[in-house]
Every structure is written in structure tokens, then in C-alpha cells.
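Please open the model in your viewer, with a cartoon display and residue labels switched on. The stops below say what to select next and what is to be found there.

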Amino acid sequence: MNEIIQCLKDRRSVRKYKKEQVKEEQLAQILEAGTYAPTGMGMQSPIMVVVQDAETIAKLSKLNAAVMGVTSDPFYGAPAVLIVLSDKRCPTGIYDGSLVMGNMMLAAYSLGIGSC
């Protein structure tokens with residue numbers, strides 16, 4: 001079977017992460033995959049932000065949990081959080097950002113890195 005189709009079929013979200021950071025080379029490959037996601041009208045408007053500072057991740061986790069109405073960590077202790085920002089003025093912004101995240105999750109899986 002085609003390697004890409006196999007990745008699509010096999011990738012699953014994980015809820016537990018190792019404490020070690022993703023290697024810079026792997027992180028660069030994951031981010032690069034995000035830049036190749038299709039976007040409406042070729043605008044390439046989504047912006048990717050990498051957060052690896054534990055204190056900042058904890059603050060973001062609390063904010064995200066509050067929005068979700070939960071007290072648990074929505075990042076499940078991940079040592080790195082990739083945030084995709086989408087331009088709300090772009091009519092396809094939400095879809096574009098979703099495709100960026102999908103590309104990054106598939107890239108991470110292909111490198112043996114869990115994501116959700």
C-alpha cells in the first residue's frame with residue numbers, strides 16, 4: 001500500500017507524551033509539512049507558533065481548559081505545543097488552519113512522534 005495512505009489509515013491521537021522535546025530537525029520537518037497544506041485562493045494565511053517553554057504551555061493549558069469548560073490539561077502534558085493561527089478575514093481561514101494541522105499531525109506520525 002502507498003506509504004501516505006498507510007499513514008492516513010494508521011495515525012491516531014495520543015493522550016500521553018514523553019517529557020523530552022522533539023528534536024529540532026524533526027520539528028522543522030513537521031512545520032515544513034504545515035507550510036505545504038493547501039489553502040483557499042492560495043493565500044497561505046495560517047501562521048504556526050511553536051511553544052516549548054513549560055511555564056507558557058501551562059498558562060495556555062489553563063486558558064484552553066477554561067474555554068473548554070474543563071479543569072484537565074487539554075495538552076496532556078505535551079512538551080511542545082504547536083499553535084495554528086488563522087486570519088478571520090480570510091473566508092477559508094478555519095479550513096486552511098485545519099489542513100495545516102492535519103499535515104503536521106501526519107508528518108509527526110511519519111516521524112514516530114505522537115500528536116493530538
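In which helix does Lys 62 lie? Select residues 54–68, which form helix α3, and Lys 62 will be among them. Before going further, note that this is a predicted model, in which local features need pLDDT of at least 70 and side-chain atom pairs count only at pLDDT 80 or more, whereas totals for chains, interfaces and linings use all residues. Residues are numbered from 1 along each chain as its sequence is written, and side-chain values use heavy atoms, with hydrogens and water left out. The helices and strands named here are DSSP runs numbered from the N terminus (helices are H or I with at least four residues, strands are E with at least two).

**Stop 1: helix α3**

With α3 still selected, look at its length: the helix has 15 residues and reaches 21 Å from its first C-alpha to its last, close to the 21 Å expected at 1.5 Å a residue (the expected span is 1.5 Å times one less than the number of residues). Now colour Ile 57, Ser 61 and Ala 65, which are buried (buried means under 20% relative accessible area, exposed over 50% and partly exposed in between, with a 1.4 Å probe and protein chains only). These residues cover an arc of only 70° around the axis, which puts them on the same side of α3 (the arc is that of the directions from the helix axis to the C-beta atoms). An α-helix has 3.6 residues a turn, so residues three or four places apart point the same way.

What covers the buried residues of α3 includes the strands β1 and β2, where contact means heavy atoms within 4.5 Å. Turn the model round, and the face of α3 directed away from its buried side shows the exposed residues Glu 55, Lys 59, Lys 62, Leu 63, Ala 66 and Val 67. Of these, Lys 62 has a relative accessibility of 67%. Step past the end of the helix to Gly 69, which follows α3 and has a positive phi near 75°.

**Stop 2: helix α4**

To travel from one helix to the next, measure from Lys 62 to Gly 93, which are 31 residues apart in sequence and 25 Å apart in space, C-alpha to C-alpha. Then select residues 93–110, the 18 residues of helix α4, which should span 26 Å at 1.5 Å a residue and whose end C-alpha atoms are indeed 26 Å apart. Its buried residues are Gly 93, Asp 96, Gly 97, Val 100, Met 104, Ala 107 and Ala 108. They cover an arc of only 110° around the axis, which puts them on the same side of α4.

Show α2 (24–35), β1 (47–51) and β2 (81–85) as well, since these are included in what covers the buried residues of α4. The face turned away from that buried side carries the exposed residues Ile 94 and Tyr 95. Just after α4, Gly 112 takes a positive phi of about 80°.

**Stop 3: where α1 meets α4**

Add helix α1 (residues 3–10), which packs with α4 at an angle of about 100°, the axes being 10 Å apart (axes are lines fitted to C-alpha atoms, for helices over the stretch in contact, and angles run from 0 to 180 degrees between N-to-C directions). That makes α1 roughly perpendicular to α4, a term for angles of 65 to 115 degrees. Display the side chains of Cys 7, Leu 8 and Asp 10 in α1, which meet Leu 106, Tyr 109 and Ser 110 in α4.

**Stop 4: the loop between α2 and β1**

Which residues deserve a label in this loop? Begin with Gly 40, which is placed in the loop between α2 and β1 and is buried, with a relative accessible area of 17%. Not counting residues up to four places away in sequence, Gly 40 touches Thr 92 and Asp 96, and its C-alpha is 8.5 Å from that of Cys 90, although the two are 50 residues apart in sequence. Move on to Met 41, also in the loop between α2 and β1, which has a positive phi of about 60° although it is not a glycine. Met 41 is exposed, with a relative accessible area of 65%. Gln 44, found in the loop between α2 and β1, has a positive phi near 50° and is partly exposed, with a relative accessible area of 44%. Most residues other than glycine have a negative phi.

**Stop 5: the segment after α4**

Finally, select Cys 116, which is found in the segment after α4 and counts as partly exposed at 44% relative accessibility. Not counting residues up to four places away in sequence, Cys 116 touches Ser 13, Val 14, Arg 15, Tyr 17, Tyr 76 and Met 105. Cys 116 and Phe 75 are 41 residues apart in sequence and 8.2 Å apart in space, C-alpha to C-alpha.

Technical notes:
Parallel < 35°, antiparallel > 145°, perpendicular 65-115°, else oblique.
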